[in-house]
Structures are given as C-alpha cells and as structure tokens.
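Colleague: Please take one part of this model and go through it closely. I would like to know how it is placed, what it pairs with and what lies around it.

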Amino acid sequence: MSNAEKKANWKIFLVALAVTLLSLFLSLLVTYIVTHILHGYMNHTSVVIATIVPTVVAGPVTWFVESYRQKANDALARLQVLKDELEHQANHDTLTGILNRRSFIAGVADKTDGVLISIDVDHFKRINDTYGHAAGDMALVQITQAISNAVRESDLFARLGGEEFAVFANDASYENAKDLAERIRLSVNAVDFSPEEGVHHELSVSIGSAFGSESKDFDAMVALADQRLYYAKENGRNRAIFPDVGDLKQVA
C-alpha cells in the first residue's frame, strides 16, 4: 500500500470515528430526553440501545460512504489527467512536442499584426533516403530544439507537417523579424547532426516571410510566405527571404 493510500485510509478512519462519536452523543442525548419525558428516568436498556445502534451503524456506513467518495474523487482526477493528455495530443505534434498545424492556425488565424515565418528543411528527403526515416525523425527533433532556442517566448512555433515549420511573431518590427529569421537559420546550421556513428550531416532551412501590413488576412499571409519560401529554395536554399521594407504597406 502506497503512502497516499495509507493517508487516505487514515483520513477515512478519522472521519468515521468523528461521525460515530457524534452519532453516539446525539443518540444518548435524544434517548435521555425522550425517556425522561416518558418515564422520568433513563433505564439500562435504553442506554445500551442508544450506545450500540450508532456505534454499529454509523462507523461502517461512514467508512463505506467515505471510501466510495474517495474512489470517485480518484476516478475524477484520473479522468482529468486523461482529458489533459488528450487535449495536449490534439494540439501538439507527436514527434516534436510543439504545436501542430490545427492549433497553430487556431492561434493566429485572427491575427494579422505580426510576421509569419515559413520554414522548410533543405534536402530532407535526402536524409530519409540515405540514412532512414529514424534518422529523419532525429533530424526533425534536433531542428525543433534549435528553432525553439531561437524564437522568443511570445512567438508561436509549430510543425505544420513533414519537414515544414512555422513561426508567428506578433507585433514584431521589420528588423526584429529579420533578426529572428537569421537566428533560426544560424541555429539550425549549428546543429550537430550525426545520422550514423562518425558521420556528420549539415542541416539547413529555407525561410519565407509575410507581414500583416501587406496581407488582407491570414490566408494571404500564408500564400506570401510560401511564395518567398519557394524563392529561397530556388535560389540556393539556406536563406531567408523578406520583402523590401519600402514595399510594405497597410492593406485596406
């Protein structure tokens, strides 16, 4: 029996004892009043009955009720833990532990005052084909950690699927957003990824961006960020593409 179970049983015992003593006191008090009204005195038989009945009934009944209540509370606690775990699984990527696509979109769909940074791992298929999918998963986990170290605490960071990631930096200025993207890129470059013993494989990401000030809604931001991401891929990879600051304007 665990310490928690011992503590729970001890608590149940104390409650049952308290209820029994209270029932015994009330039983004797009521018996005393009734017998004095009817007979003018309290006989031996009345005392025995008033003592035995609450002692035999109150203790076991209280123990049963408290035990059942404790089990019900434990069951509710386990259900709450399970609910929390299911909610976490529904909102987070299983492999990396960060937000998944659904929760990321839900978190930023109504926000356009910020910057969306789309990230794609360069030559990821080559890792899977050369070293296997387990190595690919390991690369994704290490890349996730690298990006997590680069983003701000207030930023939303998610794995959208496969080797695609996204960061939403709310209220980030143009220069802050460029600095953030560069930190992400360099942080991934610095990952010590060894898919096999004695083998080092360099990792890199291509990055596209879009600002709320140039997008009428979140879907438009995604389209712009993806467009710039593809441009980064087509122009050598391992780079971040941003619009010219002079091109940013408020969209009506």
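Modeller: Strand 3, residues 164–170, is largely enclosed by the rest of the structure, because five of its seven residues are buried. Buried here stands for a relative accessible area under 20%. The model is a predicted one, and what follows should be read in that light.

Strand 3 has pairing partners in strand 1 and strand 2. Strand 1 covers residues 114–121 and is joined to strand 3 by seven bridges, the two running antiparallel. Within this pairing, Ile-119 stands opposite Phe-165 of strand 3. Strand 2, residues 156–161, also runs antiparallel to strand 3, and five bridges join them. One pair there is Gly-161 with Glu-164, the latter being the residue in strand 3. As general background, side chains in a regular strand alternate between the two faces of the sheet.

The connection between strand 2 and strand 3 is a hairpin with two residues between the strands. Gly-162 sits in that turn and has a positive phi of about 55°.

Strand 3 also takes part in a pocket. The second largest pocket has a volume of about 230 Å³. Its lining is made up of 16 residues, and those closest to its centre are Arg-101, Leu-160, Glu-164, Val-222 and Asp-226. Glu-164 is thus met twice, since this residue of strand 3 is also the bridge partner of Gly-161. At least two lining residues come from each of helix 3 (101–108), strand 1, strand 3 and helix 7. Helix 7 gives the most, with five residues.

Helix 7 spans 218–234, and the loop after it leads to strand 5 (240–241) and contains Arg-237. Asn-238 is found in that loop as well. Most residues other than glycine have a negative phi. Arg-237, however, has a positive phi of about 60°, and Asn-238 has a positive phi of about 50°. Neither residue is a glycine. Arg-237 counts as partly exposed because its relative accessibility is 29%, and Asn-238 counts as partly exposed because its value is 27%.

For a contrast with the buried residues of strand 3, consider helix 2, residues 44–91, where Leu-76 is placed. Leu-76 is exposed, because its relative accessible area is 54% and the cut-off is over 50%. Together with Leu-79, Leu-82 and Leu-86, Leu-76 forms a nonpolar patch on the surface, with about 400 Å² of accessible area in total.

Note on methods: Residues are numbered from 1 along each chain as its sequence is written. This is a predicted model: local features need pLDDT of at least 70, side-chain atom pairs count only at pLDDT 80 or more; totals for chains, interfaces and linings use all residues. Side-chain values use heavy atoms; hydrogens and water are left out. Patches are made of residues with over 30% relative accessible area and no salt bridge: like charges are joined within 9 Å, nonpolar side chains (Val, Leu, Ile, Met, Phe, Trp, Tyr) within 5 Å. Accessible areas come from the Shrake-Rupley method with a 1.4 Å probe; for residues, only the protein chains shown count as cover. A salt bridge is a side-chain nitrogen of Lys or Arg within 4 Å of a carboxyl oxygen of Asp or Glu. Helices (H or I, at least four residues) and strands (E, at least two) are DSSP runs, numbered from the N terminus. Buried means under 20% relative accessible area, exposed over 50%, partly exposed in between (1.4 Å probe, protein chains only). Two strands pair if DSSP finds at least two bridges between them. On a 1 Å grid over the protein atoms alone, a cavity is a set of points where a 1.4 Å probe fits but cannot get out, and a pocket is an open set with protein on both sides within 12 Å along at least five of seven lines; lining residues have an atom within 4 Å of a point. Grid points are joined across faces, edges and corners, and a volume is the space filled by probe spheres set on the points.
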